[in-house]
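Q: Here is a model to look at. Please explain how its parts are related, and on what grounds.

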Protein chains: 2
Amino acid sequence: MNDFGTALNGHFYAIGVGPGAADLLTVRAVNLIRGAHTIIAPRSERADESQSRLAIAPYLNGQEVIDHAYPMRRDEEATMRCWQAMADVIVARCRAGQAVVQITLGDPLLYSTSCYLIDLVRAALSDAQVHVVPGISAFQAAACRFAEPITLQEDRLVLMSATDLDAVERALDECETLVLYKCGKKLADLVRLFERRGLAGQLRVACYVEQDGRQALLTDPQAIAAYDSGYMATMIVHVSRRKWQAPA
Amino acid sequence: MNDFGTALNGHFYAIGVGPGAADLLTVRAVNLIRGAHTIIAPRSERADESQSRLAIAPYLNGQEVIDHAYPMRRDEEATMRCWQAMADVIVARCRAGQAVVQITLGDPLLYSTSCYLIDLVRAALSDAQVHVVPGISAFQAAACRFAEPITLQEDRLVLMSATDLDAVERALDECETLVLYKCGKKLADLVRLFERRGLAGQLRVACYVEQDGRQALLTDPQAIAAYDSGYMATMIVHVSRRKWQAPA
């Protein structure tokens, strides 16, 4: 059944490498990375190194690695221009017979830079030459460190960014577990919101989870509010539990 | 940084093995499974084989594998009795110095049997002896097969079971992507609901994704409504997109 035994010449693979630890890549991701000619490693223009590149370091054996800085502004046009340039490189290399991989932290279809590339490359090549390999997302790795269920039985999960606090508060009424990404700069505001809703004891924050030497796990509301986390902060809010309803 | 190099004696590991393909385990999961003395492989009492056991077959080298059938009824008491019995076995073996692993399809903290075991084993041993290893959940594997983004920019994801159709419909108003688990018996009802909401063209259904020879991918509403999927059906509904809002 395994149609991903090795990277095929002329094909493109968008690969999730998980949150940062080299042993949280899937076996499929490792096999494809080992067999690729070119690896695209994105990093934000503000970062001095690519976390995704660190994650794959043990699996490099001569592949060409292209470091690709992308804008961290919420600027649709600049973002698309940046990824079109990268897609052009990928398509040219695939047409020249290379197996090309783009690595991305987490899962390539959850808030990932891969989402832009996949469509652009598919439009230029064909559906059959473009493949996506799932990866462990930060919220999964964070939840494992706290060893508490995310969802059980009839629970509903909402996963969203913390940028819109009104939307965050509305989500509390329609889920049992709320996961917030991109809460770096909002931690103090979020703690205030959840204190008001009686949920201050239900907060779990993981920063740089599974990244070498930097991982921080927080449950104390005051510590969370005061934490200077940068960008890579994930918050899990255990709102309630929704047990099995009466049998249908 | 890697504190999961091998399974420690006296410790318990709840490990997600992903949706079914052997190469969608993480490297961490493989290392721990290879180093375990005992592996608990759950299967529903209705299943004639354990899908999680098939997923780890290439990594077995003499470990004892215990097949553990659990009830598929929504019966809290029977469920807890079943898992307490299993927890007793795990705790006894850990106390005897074994490294014990429980494998589970998907991610151990997303609608998984591990959720019951983790708390019971932690109560009997200690937090430090209980570890959780994330796995690729079915919705991630399904989305990769369709190669379409789950969430981008400000999108919100809701993940829930399809058992309560009113809750499903309410969720449409508070997310851009809706993922439904356990929709096997509800596919026709769900198609009717989403047709009414003008979303019939936005449905993606994956059954037995990444399971040998059984995977089915469906996008046609009539085919989805008519499909006899059993239990392992995941539906992704692309409700809308929520672009970056005006800069804060």
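A: Start at the rotation axis: T26(A) comes closest to it of the residues of chain A, at 1.9 Å (C-alpha). This is a predicted model, where local features need pLDDT of at least 70, side-chain atom pairs count only at pLDDT 80 or more, and totals for chains, interfaces and linings use all residues. Residues are numbered from 1 along each chain as its sequence is written, while chains are lettered from A and ligands numbered from 1 in the order in which they are written.

Q: Why is this called the relation of a two-fold axis?
A: Copies are superposed by least squares on the C-alpha atoms of residues with pLDDT of at least 70 in both. Chain A falls on chain B after a rotation of 180° with 0.0 Å of shift along the axis, at RMSD 0.0 Å. That is therefore a two-fold relation.

Q: What makes residues count as part of the contact?
A: Their C-beta atoms, placed from the backbone, must lie within 7 Å. Chain A gives 52 residues and chain B gives 52 residues. The same surface serves both copies, as 100% of the contact residues of chain A recur in chain B.

Q: Which element gives the most to the side of chain A that touches chain B?
A: β6(A) does, with five residues. Strands are DSSP runs (E, at least two residues), numbered from the N terminus.

Q: How do you know that β6(A) pairs with β6 of chain B?
A: Two strands pair if DSSP finds at least two bridges between them. Here three bridges join the strands, which run antiparallel. L157(A), for one, has L159(B) as its bridge partner.

Technical notes
Two residues are in contact if their C-beta atoms, placed from the backbone, lie within 7 Å. Helices (H or I, at least four residues) and strands (E, at least two) are DSSP runs, numbered from the N terminus.
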